[in-house]
Every structure is written in structure tokens, then in C-alpha cells.
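Good morning, colleagues. Please look at the model on the screen while I discuss how some of its helices pack and what lines its pocket.

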Amino acid sequence: MFLDLPEAELRAYTSAQVDPDDFDAFWADTLGAARRHPVIARMEPVDVGLRTIDVYDLRFRGFDGEEIAAWVRIPRNAEGPLPAVVQFHGYGRGRGDAVENLLWASAGLVHVEMDTRGQGWSGSRGLTPDRTSAGPQMPGFVTRGIEDPDDYYYRRVYTDAVRAVEAARSLDAVASDRVAVHGISQGGGIALAVAGLVPDLTQVVARVPFLCDFPRASVITDRLPFREIGDYLAHYRDRTELVHRTLAYFDGVNFARRAQAPALITVALMDAVCPPSTVYAAYNAYAGPKRLCTWTYNGHEGGGVDDDVIALRALQGALRAD
């Protein structure tokens, strides 16, 4: 059932989220520090028995120069350099195994699949640790380091994601001027963050994105992962202002206001995990060319395989991959 605003009100909805005065400086300093490290640590071929795709185990340097794992899948015998899509995963998912997730390379794209630090318990395995000494948190990742933007978990993840794009662009097989980003749920929120931090992406695909409109999301849904914020503030009642100050540096709405690449964003009107108003908040704030795909009768699964098809068409059209 519908759990949010009527559709007409959703189309007009804008978030109350504000930009911190030093938002751009915060991210320039964060990314500048990461860029002091060479982006590629190593890349090695992996023989998994595939006949049409070559797979590589990539380690690149993300936040603070820490090594982040990724898979690189390249169509075998294709004439390069090729367009590329960098993929970010949903909450709880790691990069998975080398033989998973073959759609994008099968369609003629170089596919860079980033591991999400510390995650890998829901649907696909992970490898990259999250080294932190942050303070108390709820189970999960949404409140890890939430008392200070410098310590917050998604500062590290968003930095990793920007560096994943830079790593992709550095590969000989990739046409550096034809790179897109794609993600579902948490991955969609990460894709929006990268869109706001990397000015020259070719295409952004953010499907039922998480991590948007924290002021509303933290009070409108009782579903995880947003619920982690409410659970934290139910225990630490004096930290509401502090927590929302931190979250403003990581809200997809604030990144959408800075994004310029063409975007495909999907929303499901019966989504209790990422309520549709939070997705509309990012969509309505998005500064670049944009298209919204709405699934009226779906929850957080969105359009499922239909979203795959729509995303593939958008990526192939933007990247001009045959």
C-alpha cells in the first residue's frame, strides 16, 4: 500500500535538507587527501572458466590510501578502449564472486564492481575491511562515526567510490571520457554522491536510492537501514542536532544539487525502505538532465529485471556501446 505522500504531492516535494557552508571544501579536502596516493595498487587476471569475458581482481586505493577490492570484467577480444560502468552495491552487499553479475560486460561494457568496505553479509560476499575507531553505534553502518563528519562511515565509502571511477578511467581498456556509474538502493545513493563529486560522468543510474533526505527519512519509516538513525537517537537523545549536522554532508539531496551528468533515477511508490518522497527529494534537486522511472505497485525491489533492461538501454545509449 502507499505509505507516503500522494503522487501529485511527491512530484512537487522538496527536501528541508540544507547545505553546510563548508560542504564543498569538506569534500575537496577529503578527495585531495585520497589523491595523494596512486590510484591503482595492483590488478591480476582471474581464471574462472568464462569464454567471453576476462575477469581481473583489482585493488585500488580509496580513502586514506586504503586498498579497496573490485572486480573488472572486460569483454574478450573486443576492440578498445571501451566505455565503462562502475557499479556500487546495496546495503549489506560486497563485490560478490568473480562469476556473478555478468550482464554489463556481456553487453559490451567494461564493468568495474566496487566492494563496499566492511559489508558482505546480504546476497554477495565482501572482502574489504573498514578500519575505524569510531564511537558507539547501532548495529549496521548508518550510525558508524555519526558524531563527526570526519569520522562518518560514508565519508570513507563515498571517497572509495570516487576513486573507483578514477581507477576505471586509468585502465588501458577503458575510454576515459565514456564512464558511467550505476547502483541500487545504497548503491544508488553512492551513485548520486559520485555524480555530485565527479563533474564529467557520461551517465548516472540510481535505482530506488538510499541515503537521501535524512531529515524526512529518519522520521517517516520504521524500516532498516534508516531506522538505525532513530534507534541511535532514541538512546542518545541529546545528539539530534549533532547527528543531522553530520548527515547533511552525506545526503544525496545535497549531491544532487551539484550533479551535472544525465541521470536515470527509479522510484517505487510502495517502498517502505526508501520512501518515495526521499527519492523525489533527490530527483527534484538534481541539477543535470534527468529522467524518472516510477513503479507504482512495487516496493524496494523496484522494477527488478525491468529496471535492468531500462538501465542497460540508458547506459548503452549514453555510452554508445554497440
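**Helix packing and the largest pocket**

Helices α4 and α5 are roughly perpendicular to each other (a class that covers angles of 65 to 115 degrees), because they pack at about 65 degrees, with axes 9 Å apart. This is a predicted model, in which local features need pLDDT of at least 70 and side-chain atom pairs count only at pLDDT 80 or more, while totals for chains, interfaces and linings use all residues. Residues are numbered from 1 along each chain as its sequence is written, and side-chain values use heavy atoms, without hydrogens and water.

Helix α4 spans residues 153–170, and α5 spans residues 186–197. In their contact (heavy atoms within 4.5 Å), Y154, V157, Y158, A161, V162 and V165 of α4 meet Q186, G189, I190, A193, V194 and L197 of α5. These residues comprise ten nonpolar, two polar and no charged.

Which residues of α2 meet α4? They are F26, W27, T30, L31 and A34, and their partners in α4 are Y154, R155, Y158, T159, V162 and R163. That contact divides into seven nonpolar, two polar and two charged residues. The axes of α2, residues 23–34, and α4 come within 10 Å and cross at roughly 60 degrees.

I turn now to the pocket. Nineteen residues, counted when an atom lies within 4 Å of a pocket point, line the largest pocket, and the closest to its centre are Q87, H89, R93, N101 and I184. By class, the lining has four nonpolar, nine polar and six charged residues.

How values were computed: Axes are lines fitted to C-alpha atoms, for helices over the stretch in contact, and angles run from 0 to 180 degrees between N-to-C directions. Helices (H or I, at least four residues) and strands (E, at least two) are DSSP runs, numbered from the N terminus. Ala, Val, Leu, Ile, Met, Phe, Trp, Tyr, Cys and Pro count as nonpolar, Asp, Glu, Lys and Arg as charged, and the others, Gly among them, as polar. On a 1 Å grid over the protein atoms alone, a cavity is a set of points where a 1.4 Å probe fits but cannot get out, and a pocket is an open set with protein on both sides within 12 Å along at least five of seven lines; lining residues have an atom within 4 Å of a point. Angles under 35 degrees count as roughly parallel, over 145 as roughly antiparallel, 65 to 115 as roughly perpendicular and the rest as oblique.
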